[in-house]
Every structure is written in structure tokens, then in C-alpha cells.
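Trainee: I have a structure open and would like to learn how to read it. Could you walk me through it step by step?

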Amino acid sequence: MPQLVDQIEELDFAKIEELDFASETYKDAYSRINAIVIEGEQEAHENYITLAQLLPAKEKELISLSKMESRHKKGFEACGRNLKVTPDLEFAKKFFLGLHDNFQTAAKEGKVVTCLLIQSLIIECFAIAAYNIYIPVADDFARKITEGVVKEEYSHLNFGEVWLQENFTESKTELEEANRQNLPLVWKMLNQVADDAKVLAMEKDALVEDFMIQYGEALSNIGFTTRDIMRLSAYGLATV
Ligand SMILES: [Fe+2]
Ligand SMILES: [Fe+2]
């Protein structure tokens with residue numbers, strides 16, 4: 001095993017050596033990836049405020065999560081400024097539109113289970129996967145910020161897991177429906193971002209793998225069986 005670890009470290013080191021954070025190619029890709037991250041944190045901030053209204057018993061906790069998201073957003077804005085990149089926020093808004101609309105519709109209908117699946121499972125797992133893959137290839141400034149952020153995202157994922165686990169029996173059908181509706185959107189998003197991510201030395205296969213591990217573990221913690229998780233994951237492959 002130590003040999004394998006050495007190889008991985010060498011690989012990451014080689015990747016970082018090749019990266020020129022000041023090059024136009026890097027900055028162009030970063031303008032979209034950085035915007036996606038900023039917009040993702042903004043979405044998360046707003047979604048936890050909405051969830052606080054839907055779950056008054058958890059209001060305090062959810063408002064505190066929404067404030068963390070707002071801090072994350074500021075951190076990533078600083079990462080963009082540090083590399084002298086202007087984030088393409090218009091692109092990022094379009095990127096999140098599918099999940100955004102589905103969350104808004106569910107919130108209007110009072111579907112708290114669907115809202116939790118979209119924000120606390122899908123968006124958090126997407127963020128955790130992206131940040132985990134980004135950290136080894138980030139510039140020094142962004143790496144420190146992202147390391148701090150990812151720790152907090154795990155606690156947000158945990159909030160969703162705990163609530164859904166406690167309410168598993170009555171949530172199961174809605175979770176399956178929400179998964180079927182939203183998981184294909186994640187696949188679309190991962191494909192859309194693959195080329196830009198590659199410029200930042202983030203491989204799509206690694207992003208997909210990390211996302212599926214986090215998401216599968218979350219579903220398992222909530223109470224789904226391995227067979228359920230396989231079936232739920234397969235819906236991600238459906239086209240939208
Ligand atoms: Fe966040
Ligand atoms: Fe979060």
C-alpha cells in the first residue's frame with residue numbers, strides 16, 4: 001500500500017507542476033468553475049433559509065447552516081479575485097437552473113423531503129465531491145479556503161441524513177420520486193463541466209466516483225438497502 005500512496009502523491013505533484021494558474025487557459029476555465037461554486041453556495045444559502053421556514057422546529061440550526069454557506073461564497077469569491085478572474089455568474093445561474101426550479105416548485109408545494117434531497121443530499125454531495133477533487137490541484141490560497149469549507153459541507157450533509165433517517169418510513173416514496181427527478185440533472189451537470197474541470201486537473205471520472213460514494217453512503221445512512229441504492233443510482237443514467 002505505501003507504494004500506491006507514493007504513486008498517487010507523485011501523480012498529483014505532476015499535475016500541479018503542469019498547472020499555470022496565471023495562464024489564460026486556466027483563468028478562462030476558472031471563470032466558469034469559480035462561478036459555479038459561488039452560485040452553488042448562494043443557492044445553498046437561500047435553500048437553507050427556505051428550509052428553515054418549512055421546518056420551524058429546526059429553524060435555528062438551518063439559519064446557522066445558511067450563514068455558513070454565505071461565508072463559503074465569500075471565500076470562493078476571494079479565490080477568484082486572488083487569480084484575477086471574473087466569475088461568469090450568468091453561466092453558473094443557467095448551470096443550476098434545473099435543480100433551482102425543482103427546489104422552488106417543491107418548496108411551494110411544502111415538499112420538505114424533496115427539498116432536503118435536493119439541497120442536503122444532492123447539492124452537498126456534489127460540493128463535497130468537487131471540493132475533494134479540487135483540493136490536491138488547487139493554488140495555495142484556494143486550497144486553504146476549500147479545506148475549511150469541505151469540513152462544514154459534511155455537517156450539512158449530516159443534517160439531511162439525520163432528519164431523513166428519523167422520518168424514513170414516511171419519506172421513502174417521496175425520496176425515490178425526488179431522486180428519479182433530480183439525479184439525472186447531476187449527470188447532465190457533470191458532463192457540462194467536464195472540459196473546464198479537466199483544465200483545472202480535475203477528472204470527470206473522479207468527480208463521478210466521489211459523488212456516487214458520498215451519495216450512496218448518505219442513502220445508506222438514511223435507511224436504504226444496498227439493493228435500493230443500486231436501483232436509485234441507476235436512475236442517474238436516465239436522460240433528461
Ligand atoms: Fe457551502
Ligand atoms: Fe453546504
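Trainee: Let me start with the basics: how many helices and strands are there in the protein chain?

Mentor: Keep in mind that this is a predicted model. The protein chain has nine helices and zero strands. Reading from the N terminus, the elements run α-α-α-α-α-α-α-α-α.

Trainee: What radius of gyration would a compact globule with 240 residues have, and what does the protein chain have?

Mentor: A compact globule of 240 residues would come out near 18 Å, and the protein chain has 18 Å, so the two agree. Along its principal axes, the C-alpha trace spans about 50 × 40 × 30 Å. Contacts add to that picture: among those with a separation of 6 or more, 79% join residues 24 or more positions apart.

Trainee: Next, a single helix. What span should helix α3 have?

Mentor: You can work that out from a rise of 1.5 Å a residue: the 24 residues of helix α3 (residues 59-82) should span 34 Å, and the end C-alpha atoms are 35 Å apart, which agrees.

Trainee: Which residues of α3 are buried?

Mentor: Start with the general idea. An α-helix has 3.6 residues a turn, so residues three or four places apart point the same way. In α3, the buried residues are L62, L65, E69, H72, K73, F76, C79 and G80. They pack against α2 (24-54) and α6 (140-166).

Trainee: How do I describe two helices that meet, and at what angle do the axes of α4 and α5 cross?

Mentor: Look at how close the axes come and at the angle between them. For helix α4 (residues 89-108) and helix α5 (residues 112-134), the axes come within 8 Å and cross at roughly 145°. On the α4 side, the contact involves L99, N102, F103, A106 and A107, which meet T114, C115, I118, Q119, I122 and I123 of α5. By class, this contact has eight nonpolar, three polar and no charged residues.

Trainee: Which residues have the most contacts inside the largest nonpolar core?

Mentor: In soluble globular proteins, nonpolar side chains tend to be buried together. Here the largest nonpolar core has 61 residues, and I118, I122, C125 and F126 have the most contacts inside it. Helices α2, α3, α4, α5, α6, α7 (168-199) and α8 (204-222) each supply at least two residues of this core. The largest share, 18 residues, comes from α5. Take I118 as an example: leaving aside neighbours within four places in sequence, I118 is in contact with L99, N102, F103, A106, I123, A178 and N182. Over the protein chain, 37% of the 240 residues count as buried.

Trainee: What is the sign of phi in K84?

Mentor: Most residues other than glycine have a negative phi, and most peptide bonds are trans. K84 has a positive phi of about 55°, although K84 is not a glycine. You will find K84 in the loop between α3 and α4. Another case is A201, with a positive phi near 70°, in the loop between α7 and α8.

Trainee: Are K84 and A201 exposed or buried?

Mentor: Count the other C-beta atoms within 10 Å; 12 or fewer makes a residue exposed, and 20 or more makes a residue buried. K84 has 10, so K84 is exposed. A201 has 19, so A201 is partly exposed. Try E18 too, in helix α1 (residues 2-18): with 8, E18 is exposed.

Terms used: Residues are numbered from 1 along each chain as its sequence is written. Chains are lettered from A and ligands numbered from 1 in the order in which they are written. This is a predicted model: local features need pLDDT of at least 70, side-chain atom pairs count only at pLDDT 80 or more; totals for chains, interfaces and linings use all residues. Axes are lines fitted to C-alpha atoms, for helices over the stretch in contact, and angles run from 0 to 180 degrees between N-to-C directions. Helices (H or I, at least four residues) and strands (E, at least two) are DSSP runs, numbered from the N terminus. Two residues are in contact if their C-beta atoms, placed from the backbone, lie within 7 Å. Ala, Val, Leu, Ile, Met, Phe, Trp, Tyr, Cys and Pro count as nonpolar, Asp, Glu, Lys and Arg as charged, and the others, Gly among them, as polar. The expected span of a helix is 1.5 Å times one less than its number of residues. The radius of gyration is taken over C-alpha atoms; the globule rule is 2.2 Å times the number of residues to the power 0.38. A nonpolar core is a set of buried Ala, Val, Leu, Ile, Met, Phe, Trp, Tyr and Cys residues joined through C-beta atoms within 7 Å.
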